[in-house]
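Me: I've got a fold open on my screen and a few things I'd like to ask about it. Can we go through it bit by bit?

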Amino acid sequence: MRLTGVSSESVWTGLSVHTTLPNPSTRPGLRLPGRVTLMAEGADVPVRHIRLGLVAQVEPEDPDSPRRLVQYHQVPIAGRFVVPAGRRRAVDFAFPLPWETPVTIFGGVPLMSLRTGLRTEVSVDPDLDQGAMVPVFVHPLPAQQHVLAALDTLGFVMRQAGLQQGRLPGVEQELPFHERLGYWVAPLYAGPITELEVIFVTNAAGLEVLLWADRRLSLAGVTHQSISRFRVRHTDQRDWVATVDGWLRHAINRHAAAAAHADWSAMIQGSAHVSRPPDEPVAPGYGLGGTGGGPGVGGGGDGT
C-alpha cells in the first residue's frame, strides 16, 4: 500500500510537498523507507533543510488538561539546495524509528485511538512549509506480540490504550512519554486486583515489561497500586503463556502482600496455563527488511 501526504502549493514559498511511503507498516527499531518530492511553481525556491518527525497525541501529566499533539522524534534528511522553477526534486529517505516507538496495531487492528503520523518539515527562508502528515502503522516486535497474545489467551480484555506524558521512576527512557495498555482483569486473577496496565520499554537489547496492578474499592474511596518489572531479550524463545502467567501471579501476589487491608490479601495459587509448544517468532511484514527480534537461544527474564 502506498500512502502520500500532500501539501497544497504555499502562497509564501511557491512549493508543494509530497511525502510517500511505499509501505507504511513498520516496527520499532526499524527504518521506514519513503520519498519526499518537492515541486516549485513560478520561480526557483531555495530550500534550507528537510526534516521528518514522528507525531502522536499524548496525555499530559495533568489529568485535567486536554491531549495534545507531540512531535517526539525528528531526523534531518536534506540540507540546502534549490528547486528550479517548474521542476521537481525528490529526496529518498530511510527514517529510523526509536525502539520506544509506541505500537499502534495488534493483530491487524488499530489499538483503540492510538495513531502515529510522519510529518515533513521543509524550511524555505523565511517561511516553513509542512506537508500533510502521513499515517504510520507500528506493529509490535516479536516479544511484544507474544506478551499481548498471551494476555489475550489468559482472558484479559483491553479496555484502553494511550500515551502518557512523563517518565517512569527507575526506568531508562528515550522518549518523553510511555505507552499504557489498560486491561479488564481476567476472571482467574480477579479479586486482588481490578485493573491491569501493561507498559513496554524497549531498547536494542530487549524489552522491559511493567505490570501496573490497581485495586480500587470505590465505595470506600480507597486505592492501592503497585508495579512489577520483568525483562526479556528480543531473541528469547519460551512458552509465552506460561511466562506471562508466572509474571501475573508474581505481580498480583506481591501486590496483595503489600496491601494494607486484610481483605485484599488473597493470593493467586493456581495457574491458567495449559502446556503447549512455544509460539514461533513473528515473521516481518512485506517491505520491513527484518525485525529487531528473531530466532535465538532462549533466556530467562527476571522480576523486580
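Reply: Sure. One term up front: a residue counts as buried when its relative accessible area is under 20%, exposed when over 50%, and partly exposed in between. Also keep in mind that this is a predicted model.

Me: How confident is the predictor, then, and what is the average pLDDT of the protein?
Reply: Two stretches score low: pLDDT stays under 50 over residues 1-11, and again over residues 217-224. Across the protein, 73% of the residues score at least 70. The average pLDDT is 78.

Me: Is Asp245 buried or exposed?
Reply: Its relative accessible area is 1%. The cut-off for buried is under 20%, so Asp245 is buried.

Me: Which residue does Asp245 meet in a salt bridge?
Reply: The partner sits in helix H2 (residues 240-258) too, four residues apart from Asp245, so the two are separated by about one helical turn. The partner counts as partly exposed, at 23% relative accessibility. The N to O distance is 3.0 Å, and the residue is Arg249.

Me: How many salt bridges are there in total?
Reply: Some share partners, and in that way Glu208, Arg229 and Arg231 are joined into one network. The total count comes to 10.

Me: Where does Arg35 find its salt-bridge partner, and which residue is that?
Reply: Arg35 lies in strand S4 (residues 31-40), while the partner lies in strand S9 (residues 88-96), 57 residues apart, so the pair links distant parts of the chain. Arg35 is partly exposed at 40%, and the partner counts as exposed at 51% relative accessibility. The side chains meet at 2.6 Å, N to O, and the partner is Asp92.

Me: Which residue forms a salt bridge with Arg180?
Reply: The closest N and O atoms are 3.1 Å apart. Arg180 is in strand S15 (residues 177-184) and the partner in strand S16 (residues 195-202), 17 residues apart. At 13% relative accessibility the partner counts as buried, and it is Glu197.

Me: Which residues does Ala94 touch, leaving out those up to four places away in sequence?
Reply: Ala94 is found in strand S9 and counts as partly exposed, at 39% relative accessibility. Its C-alpha is 5.4 Å from that of Arg31, although the two are 63 residues apart in sequence. The residues Ala94 touches are Arg31, Leu32 and Pro33.

Me: And Thr37: what is in contact with it, leaving aside neighbours within four places in sequence?
Reply: Thr37 is found in strand S4. At 19% relative accessibility, under the 20% cut-off, Thr37 counts as buried. Its contacts are Ser16, Val17, His18, Arg88, Arg89 and Ala90.

Me: What is the volume of the largest pocket?
Reply: Rolling a probe the size of a water molecule over the atoms shows where empty space is left. For the largest pocket, the volume is about 310 Å³.

Me: Which element gives the largest share of the lining of that pocket?
Reply: Of the 19 residues that line the largest pocket, the closest to its centre are Glu59, Gln160, Gly162, Leu163 and Gln164. Two elements give two or more residues to the lining, strand S6 (49-58) and strand S14 (157-165). The largest share, five residues, comes from S14.

Me: How many residues of that lining are charged?
Reply: The lining of the largest pocket also has six nonpolar and six polar residues. The charged ones number seven.

Key: Residues are numbered from 1 along each chain as its sequence is written. This is a predicted model: local features need pLDDT of at least 70, side-chain atom pairs count only at pLDDT 80 or more; totals for chains, interfaces and linings use all residues. Side-chain values use heavy atoms; hydrogens and water are left out. A salt bridge is a side-chain nitrogen of Lys or Arg within 4 Å of a carboxyl oxygen of Asp or Glu. Buried means under 20% relative accessible area, exposed over 50%, partly exposed in between (1.4 Å probe, protein chains only). Contact means heavy atoms within 4.5 Å. pLDDT is the predictor's confidence in each residue, from 0 to 100. On a 1 Å grid over the protein atoms alone, a cavity is a set of points where a 1.4 Å probe fits but cannot get out, and a pocket is an open set with protein on both sides within 12 Å along at least five of seven lines; lining residues have an atom within 4 Å of a point. Grid points are joined across faces, edges and corners, and a volume is the space filled by probe spheres set on the points. Ala, Val, Leu, Ile, Met, Phe, Trp, Tyr, Cys and Pro count as nonpolar, Asp, Glu, Lys and Arg as charged, and the others, Gly among them, as polar.
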